[in-house]
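The exercises below ask you to work from the overall fold towards individual side-chain pairs. Please look at the sequence and the structure before reading each solution.

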Amino acid sequence: QVQLVESGGGLVQAGGSLRLSCAASGSRNAMGWFRQPPGKEREFVAAISSGGRVTDYADSVKGRFTISKDNTKNTVYLQMNSLKPEDTAVYYCAGRRSDWPDRLATSYDYWGQGTQVTVSS
């Protein structure tokens with residue numbers, strides 16, 4: 001059974017940076033990051049292929065966030081720079097039984113517990 005454990009969330013001022021990590025036991029599949037802002041639905045942030053060569057980003061984070069994958073450590077990262085208050089959300093790591101990334105949350109098979117990111121203005 002695949003387990004995902006996120007870490008790296010916290011409180012940061014606007015313009016600052018955070019790096020989220022997601023350790024995936026027993027999986028080297030495609031991975032994604034999603035977020036759920038307060039009072040809103042879960043939304044796609046970024047995704048990466050199993051080999052780490054193909055990535056996809058939501059328009060709202062393109063150029064500011066970078067997703068990467070270290071298969072030797074079974075870990076996926078989300079480097080978040082130039083953070084804005086509207087990036088405040090619970091961030092979730094997810095994995096899917098496929099080599100290819102996807103933007104649909106319903107296409108992911110397993111999820112982490114989430115980590116809070118709060119960006120103050």
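For the charge count used below, Lys and Arg are taken as positive and Asp and Glu as negative, while His and the chain ends are not counted. The structure is a predicted model.

**Exercise 1. Locate the mean positions of the positive and negative charges, and state how far apart they are.**

Solution. The protein chain carries 14 positive and 11 negative charges. Once the mean position of each set has been taken, the two points turn out to be 5 Å apart.

**Exercise 2. Describe the secondary structure of the protein chain, and explain how its radius of gyration relates to its length.**

Solution. Begin with the elements: the protein chain has eleven strands and zero helices, so that its pattern along the sequence is β-β-β-β-β-β-β-β-β-β-β. Next, compare the radius of gyration, 13 Å, with the 14 Å that the globule rule gives for 121 residues; the two values are close, and the chain is therefore as compact as a globular protein of that length. Along the principal axes, the C-alpha atoms fill a box of roughly 40 × 25 × 25 Å.

**Exercise 3. Characterise the burial, the surface and the contacts of the protein chain.**

Solution. Of the 121 residues, 46% are buried. The exposed area comes to about 6,200 Å², of which carbon and sulfur atoms supply 45%. For the contacts, consider those between residues at least 6 apart in sequence: 58% of them join residues at least 24 apart.

**Exercise 4. Work out which parts of the chain the salt bridge between R35 and D87 ties together, and how its residues are placed with respect to solvent.**

Solution. First, establish the pair: the side chains of R35 and D87 meet in a salt bridge with an N to O distance of 2.9 Å. Secondly, place the partners: R35 lies in strand 4 (residues 30-36), whereas D87 lies in the loop between strand 8 (75-80) and strand 9 (89-96), so the pair ties together parts that are 52 residues apart in sequence. Thirdly, apply the cut-off for burial, which is under 20% relative accessible area: R35, at 4%, is buried, and D87, at 1%, is buried as well.

**Exercise 5. Extend the analysis to the salt bridges of the whole structure.**

Solution. A search of the whole structure finds seven salt bridges. In one of them E43 pairs with R35, the closest N and O atoms being 2.6 Å apart, and E43 is partly exposed at 28% relative accessible area. R35, E43, R64 and D87 are linked in a network. Another salt bridge joins K62 to D59 at 3.4 Å between the closest N and O atoms, and here D59 is exposed, with a relative accessible area of 63%.

Methods
Residues numbered from 1 in each chain as written. Predicted model: local features only at pLDDT ≥ 70, side-chain atom pairs only at ≥ 80, totals over all residues. Heavy atoms only, no water. Helix = DSSP H or I, 4+ residues; strand = E, 2+ residues; numbered from the N terminus. Rg over C-alpha atoms; globule rule 2.2 N^0.38 Å. Buried < 20%, exposed > 50% of the residue type's maximum accessible area, 1.4 Å probe, protein only. Contact = heavy atoms within 4.5 Å. Areas by Shrake-Rupley, 256 points an atom, 1.4 Å probe, with all protein chains shown as cover. Charge placed at Lys NZ, Arg CZ, Asp CG, Glu CD. Salt bridge = Lys/Arg side-chain N within 4 Å of Asp/Glu carboxyl O.
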